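Open your viewer and keep the selection tool handy. We will take a short tour, stop by stop.

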Amino acid sequence: MDRITSMTAFVQVVDQGSFSGAAKRLELSPAMVTSHVQSLEKRLGIQLLNRTTRKVSVTEAGRAFYERCIQILAEVEEAEAAASELHSTPRGRLRVNTSAALARVVAPLIAEYVAMYPEVSFDLIMTDHMVDLVEEGFDLALRAGPLPDSTLMTRRLGLGRKILCASPAYLARHGTPKHPADLADHNCITYMNSFLEHRWRFTGLDGEHEIEVAGNLRTNSIEGMRAAALAGLGICLMPAVNMGDDLSAGRLIRFLPDFRTSEAMIQAVY
């Protein structure tokens, strides 16, 4: 039998002075209360209660056990209350993994979350590879693109679009492409960690296009691509979430907006 329930039954028999009173208080049958107390006595090898047809009294050993049961049940109730409070009021440390491409989105969200729940702190670790959440002790990963097969839970958060952009200086020197095919004649900054590193795909009114691009910079860093584009080195195909501020300020210019580029599903993994 459940030891905590048996201890609770025993305490109630002592407090109420009878098995029937304890049964009424616990909403159990008198036979079930009796069974719980007998289970305790059998486990302990001692008699906890003296029973007569008229009353129930606690033995000397039962009195000592009763006092310990009161303490234990109070601690159990305190532990349950603390657990419930943790559920209703988040606190503690969250270890989150994300790609560098999503860091610009995730960091402001963390700031909002901490403002709502100041007792939560974060470890934000950025990697371009999918980490082993269990082995490396992460609570959550936020990733864009295909994920390896695993038994982890996933939740779709949205779609990440990529856009073509370059600095005004670069476009002034080399011209603005009018069609995806024109990209073959431009210096394109490529992302080394993508299986589409040198093949950029587009869909427009005239169908689908896969363009083989080339350039004098390959990097495994989204921020490195952004910095190179800002410096006027070439054209980049970047996640839109990373370029918003630069586009708004005119530091980068988007072109070929009518051609849809590849999309990557953004997912939470836990």
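In which sense, left-handed or right-handed, does helix 1 pass helix 2? The crossing is right-handed (the near helix is turned clockwise from the far one by less than a right angle; anticlockwise would be left-handed).

A word on the ground rules: this is a predicted model, where local features need pLDDT of at least 70, side-chain atom pairs count only at pLDDT 80 or more, and totals for chains, interfaces and linings use all residues. Residues are numbered from 1 along each chain as its sequence is written, and side-chain values use heavy atoms, leaving out hydrogens and water.

**First stop: the helix pair.** Select residues 3-16 for helix 1 and 19-26 for helix 2 (helices are DSSP runs of H or I, at least four residues; strands are runs of E, at least two). Their axes lie 8 Å apart at an angle of about 120° (axes are fitted to C-alpha atoms over the stretch in contact, and angles run from 0 to 180 degrees between N-to-C directions). Now show the side chains of Thr-8, Ala-9, Gln-12, Val-13 and Gln-16, which meet Phe-19, Gly-21, Ala-22, Arg-25 and Leu-26 of helix 2 (contact means heavy atoms within 4.5 Å).

**Next stop: the sheet.** Here three strands form an open sheet in the order 9-8-13, with antiparallel pairing (pairing needs at least two DSSP bridges). Select 207-212 and 260-261: strands 9 and 13 are the edges, each with a single partner strand, so one side of each has no neighbour in the sheet. Then pick Thr-203, whose bridge partner in strand 13 is Arg-260.

**Last stop: confidence.** Colour by pLDDT (the predictor's confidence in each residue, from 0 to 100). Confidence is lowest in strand 14 (residues 263-269), with a mean of 83, and highest in helix 7 (residues 168-174), at 96.
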